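User: Please take a close look at one part of this model for me, the metal binding. I'd like the cut-offs spelled out as you go.

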Amino acid sequence: MFTIGCHLSIAKGFAAAARDATSIGANTFQFFTRNPRGGKAKELDPADLAAFAAAREAGGIDCILAHAPYTLNPASAKPETCEFALQTLADDLLRMEQIMPGQLYNMHPGSHVGQGADVAISKIADAINAVLQPQQTTLLLLETMAGKGSEVGRTFEEIAAIIERVELDDHVGVCLDTCHVWDGGYDIAGDLDGVLEEFDRIIGLERLRAIHLNDSKNPLGAHKDRHEQLGRGFIGFEALAAVTNHPALRDLPFYLETPHDDLSGYADEIERLKSARQ
Ligand code: FE
Ligand code: FE
Ligand code: ZN
């Protein structure tokens, strides 16, 4: 089965987002748990959650991916910023159990803001250790980053170093963003097998649980993080379709985070990917 979707707004509720997904040919979707720049999450509406379950059933949506606000920084040098990250992560994970148990929750690891990657790695692991609960069914994913600014998680080694320090590590996985790893210097267009072998050796492919499928506005190793529509960037449509067809990846859920003004842009990309599916 091809599990393919895109990032969608939940401003009109979860049921509406599931219907949006179905309307563009998607069978999964990603959403921000709250304003991407942080702040309080909207109260969950039991009626919307019931309608969401029905809309999922109707649309064959078995899997969803939540995305933490991208400004969260559990590695910050400021105690109040770390505290805010902790509270948000803990609250989001609790909410996921109500929205739909057994799903995926993705976060950007954080930025070291001059403290050095080693300090950041232990702070991020401490935060994860503080929020993970043995009984929780949600899998926490660390996203591979482009290495813009002082972002941690550009290298597979940094991601592995965080996971190594996590106590309940069976609750942790990885989300690979094709634009980010490309910008980070991993040549998924020229040598996908080589990149996946490296991922397997350093992190373990069994940790890989979701893919953000984006083209990049910048060349390999640019450390920029500017997403592009599939086929309009430096990675190219063929290489991205090959990611969805690779034997080690093809059963994972794929999420488009490409720039579009409306849903029809995603519908087109999903259709092209389905046609390229082997
Ligand atoms: Fe992200
Ligand atoms: Fe991403
Ligand atoms: Zn990005």
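Analyst: Happy to. Donors here are N, O and S atoms within 2.8 Å of the metal (3.2 Å for Na, K and Ca), and water is not among the atoms, so sites may look incomplete. The model is predicted, so local features need pLDDT of at least 70 and side-chain atom pairs count only at pLDDT 80 or more, while totals for chains, interfaces and linings use all residues. Residues are numbered from 1 along each chain as its sequence is written, chains are lettered from A and ligands numbered from 1 in the order in which they are written, and side-chain values use heavy atoms, with hydrogens and water left out.

Let's begin with the zinc ion (ligand 3), which lies 5.2 Å from the iron ion (ligand 1). His180 and His227 each offer NE2 to the zinc ion (ligand 3), and Asp225 offers OD, at 2.0 to 2.3 Å. Along the chain, these donors follow the spacing H-x44-D-x1-H. His180 and Asp225 are 45 residues apart and link distant parts of the chain: His180 belongs to helix 6 (residues 178-184), and Asp225 to the loop between strand 10 (215-216) and strand 11 (227-228). (Helices, H or I with at least four residues, and strands, E with at least two, are DSSP runs numbered from the N terminus.) Both His180 and Asp225 are buried, that is, under 20% relative accessible area, with exposed being over 50% and partly exposed in between (1.4 Å probe, protein chains only).

Next comes the iron ion (ligand 2). Glu143 (OE), Asp177 (OD), His212 (ND1) and Glu257 (OE) coordinate the iron ion (ligand 2) at 2.0 to 2.2 Å. Their order in sequence reads E-x33-D-x34-H-x44-E. Here too a pair of donors links distant parts of the chain: His212 sits in strand 9 (residues 208-213), and Glu257, 45 residues away, is in the loop between strand 12 (253-256) and helix 9 (263-276). His212 is buried, as is Glu257.

Which residue bridges the iron ion (ligand 2) and the iron ion (ligand 1)? That is Glu143, and the two ions lie 3.3 Å apart.

It is worth following Glu143 back into its strand. Strand 6 (residues 139-143) is mostly covered, with five of its five residues buried. One side carries Leu139, Leu141 and the bridging Glu143, the other Leu140 and Leu142, and both faces are covered.

Strand 6 also has partners, where two strands pair if DSSP finds at least two bridges between them. Strand 4 (residues 104-107) pairs with strand 6 in the parallel sense over four bridges, and Met107 has Leu142 as its bridge partner there. Strand 8 (residues 172-177) likewise pairs with strand 6 in the parallel sense, again over four bridges, with Val174 in strand 8 as the bridge partner of Leu142. Leu142 therefore has bridge partners in both strands, by the DSSP bridges that define pairing. Strand 8 ends at residue 177, and Asp177 is one of the donors to the iron ion (ligand 2). Glu143, another of those donors, is in strand 6.
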